[in-house]
Amino acid sequence: MTIRIGTYNAENLFRRPKVFDIPDAAERQRVLDDFNELVGLLDKAVYSDDDRTRIGQIIKEHRAYDQDPAHPRPPFVVQQTRGGTASLFQQSGPEGAPEITVTAKGRAKWTGWAEMVRSELDWDVVRNTGRVVAEVNADILLTVEVEDRLTLDRFNRQVLGGALGKQPYPYSMLIDGNDPRGIDVGILSRHPITSIRSHIFDLRPGGEPVFSRDCVELELAVNGTPLWILGNHFKSKRGGGSAGAALRLAQGERVAQIYADALQRSPRVLIAGDLNDSPDSPAVRKLLATGAQDVMSHASYTGDPGTFGTGHSLDQKIDYLLCSPELFGKVQHVDVERRGVWAPKSFKSFDTVTSKADEASDHAALYMDVDL
């Protein structure tokens, strides 16, 4: 029985925080820094006078008070679930440039939170994502960067099963993870999902807990034998620097442990997803040291080494299917579906992908055929 298993960072099955639409990198980072500073200040048990002044400055500068749908949306807002004395701040003065007076004395004195404003889904792009999924036609597809289970279910039924006229997958599953942007790992499958759990990465650089992206462990029933898939989306390189590399290494070390435990239950284990690093990185080397084998090293694969962008360079290889030895021995064919990516100087995209703006994703879909 030959089945197809794939991984695909769809990149767009979530409402991206509006801040990432800011074209200038320095300005984008400044807004992100202000948001993170605001969140940190709001979490304080007691607000000093300087804290209240700075909170008000950030709220005013970024219009985090303005939730009028008739106005251009700010990059982030402060949600207040109660009014009156339980509010964080009060507004006074002209509507377009009000004065912000922070009245709460600390975190326990008001109810609410700061949150990023999100852009809406671009359904033309999502339909191109559907074309990639339909062309790959995997029996089991790990999906990366999906906002929630409802979004995955709508994509399955309304895009694959509706707009594209394909048969929807009978099984879809996603557990909300710890990434605050809601870019989670899910699965579409034609085989029953018999168990699923999320391993929380509790990473402690400097002694402080950092809850990063989770490892989703899935058990599927395939031809009478359990298949275990460890789905991952490691810390991005964007803005991460050495701290990001340290987080990816810690994630790799933890996934290596989860992989070893899974091998005790079944010889068929697969580490899959977007690891956001190249094969020679410490994080990926940690996984390869377990004996798991990269399917792109299989003799049947003769294409370019990368899975991101043009795919020409090994540095662009960041998506993986790493098989346990028994599983790797059953691999029949490996390939990459690149036509959802816009790279006109490198390869031909789908006819509905005519610019960077409407590409399905800047990741290609990686898949393998396995005789189970």
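## The six-stranded sheet

In this predicted model, six strands form an open sheet with mixed pairing, and their order across the sheet is S9-S12-S13-S14-S16-S15. The edges are taken by strand S9 (193–199) and strand S15 (293–294), each of which has a single partner strand, so one side of each is left without a neighbour in the sheet.

Within this sheet, strand S13 (residues 225–233) pairs with strands on both sides, S12 and S14, in the order just given. Strand S13 is mostly covered, since seven of its nine residues are buried. With strand S12 (residues 215–222), S13 pairs in the antiparallel sense over seven bridges, and in this pairing Ala221 stands opposite Pro226 in S13. The hairpin of S12 and S13 has two residues between the strands, and in it Asn223 takes a positive phi near 55°.

Towards strand S14 (residues 269–274) the arrangement is parallel, with six bridges joining S13 to S14. Two of the partnerships can be followed residue by residue: Ile229 has Leu270 as its bridge partner in S14, while Asn232 has Gly273 as its bridge partner in S14.

## Two nonpolar cores

In soluble globular proteins, nonpolar side chains tend to be buried together. The largest nonpolar core here has 31 residues, and those with the most contacts inside it are Ile140, Ile229, Leu270 and Met368. Strand S12 gives the largest share of this core, namely four residues. Ile229 and Leu270, both named among the residues with the most contacts inside the core, are also the bridge partners described above for S13 and S14.

Met368 has contacts that reach several parts of the chain: setting aside residues up to four places away in sequence, Met368 touches Ile3, Arg4, Ile5, Leu270, Val295, Leu321, Cys323, Leu327, Val331, His333 and Val334. A second core, separate from the one above, has 24 residues and includes Leu42, Tyr65, Phe89 and Val102.

## Aromatic rings and charges

A pair of aromatic rings is described by the distance of the centres and the angle of the planes. The structure holds one such pair: the rings of Phe35 and Phe76 have their centres 5.3 Å apart and their planes at 55°, so the pair is tilted. Because Phe35 lies in helix H1 (residues 25–42) and Phe76 in strand S2 (residues 76–80), the pair ties together parts that are 41 residues apart in sequence. Both Phe35 and Phe76 are buried.

Charged side chains also meet rings in two places. Arg131 has its charged end over the ring of Phe350, at 4.3 Å from the ring's centre, and Arg265 lies over the face of Trp228, 4.1 Å from the ring centre.

## His62 and its surroundings

His62 is found in the loop between helix H2 (49–61) and S2, and with a relative accessibility of 6% His62 counts as buried. The side chain of His62 makes a polar contact, at 2.7 Å, with the side chain of Asp34. Apart from neighbours within four places in sequence, the residues in contact with His62 are Arg30, Val31, Asp34, Pro74, Pro75 and Phe76. Phe76 therefore appears here again, as a member of the tilted pair with Phe35 and as a contact of His62.

## Residues with positive phi

Most residues other than glycine have a negative phi, and most peptide bonds are trans. Besides Asn223 in the hairpin, with its positive phi near 55°, two further residues deserve a look. Glu145, in strand S6 (residues 140–146), has a positive phi near 65°, and at 11% relative accessibility Glu145 counts as buried. Asn276 has a positive phi near 55° and is placed in the loop between S14 and helix H6 (282–288); with a relative accessible area of 10%, Asn276 is buried.

## Asp335 in strand S17

Asp335 lies in strand S17 (residues 331–337) and counts as partly exposed, with a relative accessibility of 26%. Its C-alpha is 6.2 Å from the C-alpha of Tyr301, although Asp335 and Tyr301 are 34 residues apart in sequence. When neighbours within four places in sequence are left aside, Asp335 is in contact with Tyr301, Ala365, Leu366 and Tyr367.

Conventions. Residues are numbered from 1 along each chain as its sequence is written. This is a predicted model: local features need pLDDT of at least 70, side-chain atom pairs count only at pLDDT 80 or more; totals for chains, interfaces and linings use all residues. Side-chain values use heavy atoms; hydrogens and water are left out. Rings of Phe, Tyr and Trp (its six-membered ring) pair if their centres lie within 6.5 Å; planes under 30 degrees apart count as stacked, over 60 as edge-to-face and the rest as tilted. Buried means under 20% relative accessible area, exposed over 50%, partly exposed in between (1.4 Å probe, protein chains only). A charge sits over a ring if NZ of Lys or CZ of Arg is within 6 Å of the ring centre and within 35 degrees of the ring normal. Two strands pair if DSSP finds at least two bridges between them. A polar contact is a pair of N or O atoms within 3.5 Å; within protein, one must be able to donate a hydrogen and the other to accept it, and residues adjacent in sequence count only if both atoms are side-chain atoms. Contact means heavy atoms within 4.5 Å. A nonpolar core is a set of buried Ala, Val, Leu, Ile, Met, Phe, Trp, Tyr and Cys residues joined through side-chain atoms within 4.5 Å.
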